[in-house]
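Trainee: Before I rely on the terms used for this model, I would like to go through the reasoning behind them. Could we take them one by one?

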Amino acid sequence: MTGSPTRRDFLRLSSGLVVAGLASGCASPVVSSLTGSQPATADVIFWHLFSGGDGANMATMVEDVQASAGISVESTLLSWGNPYYTKLALAASSGRPPDVAVAHLSRLPLLAEAGLLETVEEAGLTAAGVTRDRFTPAAWSKATVGGATYAVPLDTHPFVMFYNRTLAKRAGLLDGDGRLRQLAGRDEFVGAISAMKEVGGDFGAVASNTADPSTTWRFFLTLYSGLAGSILEDQGTRITLDRDAAEETFALMRELTVGKKLMPHSATITTASTLFGQGRVGFLFDGVWQIPTYSGVTLPSGDPLAFDVVPFPAILGEEPRSYADSHALVVPRSDGRSSEGSRQAVAFIKGLLEDSATWAGGGHVPAWLPTQESEEFTSKQPQSNYVRAAFEAVYDPPGWYTGAGSDFQNSMGGVISRVLAGQVEPAAAVGDMISALKTYATAKPPVG
């Protein structure tokens, strides 16, 4: 679907997203913002969803671009997840959107198919040199919906392996350069975690798998994608989950926890950060955005935590895969934006891309190749060690209901958590996952 949405489309889209927000318990900010508007208080009105370290880095980048491009920017932080995407969709539908906004690429298809975004070409970005050949291919591909590109990828933030360098050395897992030697296949992967447990004490590895469905989903899809393709096709209406591949994936995950007890079967985010931050496990499986959490950490012994980060190796199957998502910059469609406003929006986006080495401070891999290949980025450690993961990225399957912070991830993660806890056998878990997938695949989309 292209072009401006009709009132009926708007109402359906709004209804669908608001329902999703209510279901996640985050509806209040959305409802309170329904009557908001965008006063012309700056050259560029910018919406984003970054707080903490990412928020500080983005603030620096915005200041830099204002100074270099000579434009003023009003930058607004909004609650992330369903509330953010609902507000963005409603603002665009009502004709009063920001000039530039951040969106996860996993959330892009619904916004694009609803006709709420300008394509990169329509926004004038192509003419400004923002072209496919200057981006990580996987990210640019995910930014393209129905043959048109609707977003400018700012980064790739993959699911990766953190490892304790001190324990890895004791376990004999380092190569001649002092880095984790390349692992290949299920046996070497399990063997490396076993070796870490033998020298580390509590466990060999840890991942947050209790009350953190998104992390378990990322872990599952990283492993599963080495064996089979997407679990959904046709915009999420056709289930293509490979039963054998899913059962094999579940079997490995269960073996690591309740089987060999190499990982805790129940671990919150706090448990995971405590075990890894205190040097009590060798591996941590998490997103690259956690790098600032462990930088500068001191162990109980008083020594600094020595850690590195690498992409997942090929574990199930021959090719390595890493679950990932990307933050991207979009230009919401607005009939009221002037040509000068469009030019300033392009200048702002281009400026953020050129300053994305600053953004890499949060662990993200810049998608803009001129930055990714620059000395300013390649000198960053450990960020430059896992660039490969951006090229092996596997995103959420296509579907109007999938994506970062979605109820879909919560449902899938719930099934996976029960496998990790030993509450369900792998074969039964495959049935549970398919049952959950049917619920989404047969649901009526809010647009289209």
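Mentor: What follows is a discussion of a predicted model, in which each term is set against its cut-off.

Trainee: Let us begin with a single residue; why is His-157 called buried?

Mentor: Its relative accessible area is 7%, and buried means under 20%, so His-157 falls in that class. The residue sits in strand β7, which runs over residues 155-164. Leaving aside neighbours within four places in sequence, His-157 is in contact with His-104, Val-288, Trp-289, Ala-324, Asp-325, Ser-326, His-327 and His-364.

Trainee: What makes the pair of His-157 and Asp-155 a polar contact?

Mentor: The two side chains come to 3.0 Å, and the rule asks for N or O atoms within 3.5 Å, one able to donate a hydrogen and the other to accept it, so the pair qualifies.

Trainee: How do you know that Phe-312 is buried, given that its place is in a loop?

Mentor: The loop in question lies between β12 (307-310) and β13 (322-325), but the class rests on accessibility, and at 0% Phe-312 is under the 20% limit and therefore counts as buried. Not counting residues up to four places away in sequence, Phe-312 touches several residues, including Phe-159, Met-161, Phe-189, Phe-219, Phe-285 and Arg-388. As for separation along the chain, Phe-312 and Leu-183 are 129 residues apart in sequence, whereas their C-alpha atoms are 8.8 Å apart in space.

Trainee: What makes the length of helix α9 agree with expectation?

Mentor: The helix covers residues 213-224, twelve residues in total, and at 1.5 Å a residue it should span 16 Å. The C-alpha atoms at its ends are 16 Å apart, which agrees with the expected value.

Trainee: And why is α9 described as largely enclosed by the rest of the structure?

Mentor: Eleven of its twelve residues are buried, so the description follows from the count. Among them are Trp-217, Arg-218, Phe-219, Phe-220 and Tyr-224.

Trainee: Which residues of helix α11 are buried, and what do they pack against?

Mentor: In α11, residues 269-277, the buried ones are Ala-272, Leu-275, Phe-276 and Gly-277. The buried residues of α11 pack against β7, β8 (205-206), β11 (283-287), α12 (291-294) and β12. After the helix comes Gly-279, whose phi is positive, near 70°.

Trainee: Turning to charged pairs, why is the pairing of Glu-255 and Arg-186 called a salt bridge?

Mentor: The N to O distance is 2.2 Å, and the rule accepts a side-chain nitrogen of Lys or Arg within 4 Å of a carboxyl oxygen of Asp or Glu, so the pair meets it. The pair links distant parts of the chain, with Glu-255 in helix α10 (residues 243-259) and Arg-186 in helix α8 (residues 185-200), 69 residues apart.

Trainee: Why do Glu-255 and Arg-186 fall into separate exposure classes?

Mentor: Glu-255 has 19% relative accessibility and counts as buried, because the class ends at 20%; Arg-186, at 27%, counts as partly exposed, because that class lies between 20% and 50%.

Trainee: How do you know that Glu-122 and Arg-333 form a salt bridge?

Mentor: Their closest N and O atoms are 3.1 Å apart, and the limit is 4 Å, so the pair counts. It links distant parts of the chain, since Glu-122 is in the loop between α5 and α6 (137-142) and Arg-333 in the loop between β14 (327-330) and α13 (339-354), 211 residues apart. Glu-122, at 48% relative accessible area, is partly exposed, and Arg-333, at 23%, is partly exposed as well.

Trainee: How many salt bridges does a search of the whole structure find?

Mentor: The search finds ten, one of them between Asp-234 and Arg-238 at 2.9 Å. Asp-99, Glu-118 and Arg-337 are linked in a network of salt bridges.

Trainee: Finally, what makes up the interface between domain 1 and domain 2?

Mentor: The assignment gives domain 1 as 40-153 + 327-366 and domain 2 as 159-323 + 398-442, and the contact takes twelve residues from each of them. Together they bury about 940 Å², 53% of it on carbon and sulfur atoms. Across this interface the rule finds two residue pairs in polar contact and zero salt bridges.

Key
Residues are numbered from 1 along each chain as its sequence is written. This is a predicted model: local features need pLDDT of at least 70, side-chain atom pairs count only at pLDDT 80 or more; totals for chains, interfaces and linings use all residues. Side-chain values use heavy atoms; hydrogens and water are left out. Helices (H or I, at least four residues) and strands (E, at least two) are DSSP runs, numbered from the N terminus. The expected span of a helix is 1.5 Å times one less than its number of residues. Buried means under 20% relative accessible area, exposed over 50%, partly exposed in between (1.4 Å probe, protein chains only). Contact means heavy atoms within 4.5 Å. Domain bounds come from an automatic or database domain assignment. Buried area is the accessible area (1.4 Å probe) that two parts lose on being put together, summed over both.
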